[in-house]
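Subject: Structure handover

Dear colleague,

Please find below the structure I promised to pass on. My notes follow it.

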Amino acid sequence: MPIGSHQSAAAGTDVWLTPPALLAALGGAESFDLDPCAPLDRPWDMARQHYTIADNGLARPWHGRVWLNPPYSNNVIGRWMGRMAEHAHGIALIFARTETQVFHEFVWRAADALLFMEGRLHFHNAAGTRAKANAGAPSVFCAYGADDADRLAASGIPGAFVPLRLRSLIFGFASVGSWVDEVLKVMQRAGAAVRLDDLYRALAENPKSERNPNWKAKVRQTLQRGPFEPLGEGVWQVAEGRLL
């Protein structure tokens, strides 16, 4: 199977490309430094730099923010997702085979957040034409790193957002996650909807706030674009159906 492609259960070719609108929602091709398994011929870029089958992306160094839409066949996807988990910076798009060993080892245990897409995705062929049939299985975005978890939460892509790093709360670790994670922690402690002023007070000494002089604007953006909804003037809660 060619690098930069994957199988679709509903189509007769192996080469399928990520719709450009999805890349745009995640920051655009210019926001990704590397696509390590890009097709040789492509109608649009996925990142600033591309490795193709001629480069052997698994054998070359990865750098910066990575976009990964790997080959989906069982004999190779584990190698790509293992490398992504090791690199820990970027976003991968794969089928939501949540029960598989690959998903357990390199997604559940390694990613910072997931976005399970609503409906089934229509990929594009090598000429850039949208496939008539859907992909044949549900898709999920896997974010590695707190910044990419934030981008995923704010993408506006329809689906259910799952912040995996919140599991640290269960075991009592005081780790700092994405902005969505930090807002959810405050709401979890409150046990109810939270006023914006109370969010500001709770997050004022958070390490993420201390590093960002515009942190209050970031909190508002997280509420508006993340899995949250307003209850009234200045009062917010987790949006029903947006968070698993």
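Which residue is the bridge partner of G232 in strand 10? The partner is V235. Please keep in mind throughout that the model is predicted.

**The sheet of strands 8, 9 and 10**

V235 also has a residue opposite it in strand 8, namely R195. Both pairings belong to an open sheet of 3 strands, in which the order is 8-10-9 and the pairing is antiparallel. Strand 8 and strand 9 (228–232) are the edge strands; each has a single partner strand, so one side of each has no neighbour in the sheet. Strand 10 (residues 235–238) is joined to strand 8 by 2 bridges in the antiparallel sense, and to strand 9 by 4 bridges, again antiparallel. Strand 9 and strand 10 form a hairpin with 2 residues between the strands, where G234 has a positive phi near 75°.

**Helix 7 and its surroundings**

Helix 7 spans residues 196–203, and its buried residues include L196, L199, Y200 and L203. Why do they lie on the same side of helix 7? They cover an arc of only 100° around the axis, which puts them there. The cover over the buried residues of helix 7 includes helix 6 (179–190), strand 8 (194–195), helix 8 (207–211) and helix 9 (215–225).

**Aromatic pairs**

The count of aromatic pairs in the model is 6. One of them is formed by F32 and W67, edge-to-face, with 5.5 Å centre to centre and 65° between the planes. This pair links distant parts of the chain: F32 is in the loop between helix 1 (20–25) and strand 1 (34–35), while W67 is in strand 3 (residues 66–68), 35 residues apart. F32 and W67 are both buried.

Another pair is that of Y200 and W215, whose ring centres are 5.9 Å apart and whose planes are at 90°, so the pair is edge-to-face. Y200 belongs to helix 7 and W215 to helix 9, so this pair ties together parts that are 15 residues apart in sequence. Y200 is buried, as is W215.

Ring pairs also join F32, W67 and F141 into a cluster.

Two of the rings named above have a charged side chain over them. R65 lies over the face of F32, 3.8 Å from the ring centre. For Y200, the charged end of K216 sits over the ring at 5.0 Å from its centre.

**S31**

S31 is in the loop between helix 1 and strand 1. Is S31 buried or exposed? Its relative accessible area is 18%, so S31 is buried, the cut-off being under 20%. A polar atom of the S31 side chain lies 3.3 Å from the backbone oxygen of G27. Leaving aside residues up to four places away in sequence, S31 touches L26, R65 and R151. R65 is thus named twice in these notes: as a contact of S31 and over the face of F32.

**H50**

H50 is in strand 2. With 13% relative accessibility, H50 counts as buried. What does the side chain of H50 make a polar contact with? The contact is with the side chain of R42, at 3.3 Å. A polar atom of the H50 side chain also lies 3.3 Å from the backbone nitrogen of A47. Not counting residues up to four places away in sequence, the residues that H50 touches are D35, A38, R42, D45 and D55. R42 therefore appears both in the polar contact with the H50 side chain and among the residues touched by H50, whose relative accessibility of 13% makes it count as buried.

**A59**

A59 lies in the loop between strand 2 (49–50) and strand 3. With a relative accessible area of 60%, A59 is exposed, since the cut-off for exposed is over 50%. The C-alpha atoms of A59 and P36 are separated by 9.8 Å, and these two residues are 23 residues apart along the chain.

Regards

Conventions:
Residues are numbered from 1 along each chain as its sequence is written. This is a predicted model: local features need pLDDT of at least 70, side-chain atom pairs count only at pLDDT 80 or more; totals for chains, interfaces and linings use all residues. Side-chain values use heavy atoms; hydrogens and water are left out. Buried means under 20% relative accessible area, exposed over 50%, partly exposed in between (1.4 Å probe, protein chains only). The arc is that of the directions from the helix axis to the C-beta atoms. Contact means heavy atoms within 4.5 Å. Rings of Phe, Tyr and Trp (its six-membered ring) pair if their centres lie within 6.5 Å; planes under 30 degrees apart count as stacked, over 60 as edge-to-face and the rest as tilted. A charge sits over a ring if NZ of Lys or CZ of Arg is within 6 Å of the ring centre and within 35 degrees of the ring normal. A polar contact is a pair of N or O atoms within 3.5 Å; within protein, one must be able to donate a hydrogen and the other to accept it, and residues adjacent in sequence count only if both atoms are side-chain atoms. Two strands pair if DSSP finds at least two bridges between them.
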